[in-house]
Amino acid sequence: AMRSMVTHIDKHDRDLARQLRRAMSSVALNLGEAEGSEAGNRRARLHTALGSARETRVGLQLAGAWGYVGHEELAPIERSLDRVCALTYGMLRR
């Protein structure tokens, strides 16, 4: 769902689409890196992943505000991102 949405956003705003791709990739990469890291580095990677997930959500909200995508298209993805944020936050609290 994210890939097709970003492809659509890219037709309207290439810079925003690139930023969204980087932010989404950062979430996955930092979560993966956290799994193989020790305590201090693990926390840092989780914080970065959480920030990138929030950045992704705001980027999508901007796409909606600019009229590139509709609210009905954004809602399920925003819920998924909220879940990623909640799970990552929970990992930080362990």
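**Close-up views of a four-helix chain**

**View 1. The largest nonpolar core.** In this predicted model, Met-5, Ile-9 and Leu-60 touch the most other members of the largest nonpolar core, a set of 14 residues. A nonpolar core here is a set of buried Ala, Val, Leu, Ile, Met, Phe, Trp, Tyr and Cys residues joined through side-chain atoms within 4.5 Å; buried means under 20% relative accessible area with a 1.4 Å probe, protein chains only. At least two residues of this core come from each of α1, α2, α3 and α4. Helix α1 gives the largest share, with 4 residues.

**View 2. Around Ile-9.** Which residues does Ile-9 touch, leaving out those up to four places away in sequence? They are Leu-16, Ala-17, Leu-20, Leu-60, Ala-63, Tyr-68 and Val-69, where a contact means heavy atoms within 4.5 Å.

**View 3. The second core.** A separate core of 8 residues has Leu-46, Leu-50, Ala-53 and Leu-92 among its members.

**View 4. Helix α3 and its cover.** Helix α3 runs over residues 39–65. Its 27 residues should span 39 Å at 1.5 Å a residue, and the end C-alpha atoms are indeed 39 Å apart, so the two values agree; the expected span is 1.5 Å times one less than the number of residues. Buried along α3 are Leu-46, Ala-49, Leu-50, Ser-52, Ala-53, Thr-56, Gly-59, Leu-60 and Ala-63. Many readers will recall that an α-helix has 3.6 residues a turn, so residues three or four places apart point the same way. The cover over the buried residues of α3 includes α1 (2–10), α2 (14–35) and α4 (71–92). Just after α3, Gly-67 has a positive phi of about 85 degrees.

**View 5. The whole chain, for orientation.** The chain has 4 helices and 0 strands, in the order α-α-α-α; helices (H or I, at least four residues) and strands (E, at least two) are DSSP runs, numbered from the N terminus. Its C-alpha atoms fill a box of roughly 40 × 20 × 15 Å along the principal axes. Of the 94 residues, 35% are buried. Among contacts between residues at least 6 apart in sequence, 64% join residues at least 24 apart.

**Notes on the views.** Residues are numbered from 1 along each chain as its sequence is written, and side-chain values use heavy atoms, with hydrogens and water left out. Local features need pLDDT of at least 70 and side-chain atom pairs count only at pLDDT 80 or more, while totals for chains, interfaces and linings use all residues.

Conventions:
Buried means under 20% relative accessible area, exposed over 50%, partly exposed in between (1.4 Å probe, protein chains only).
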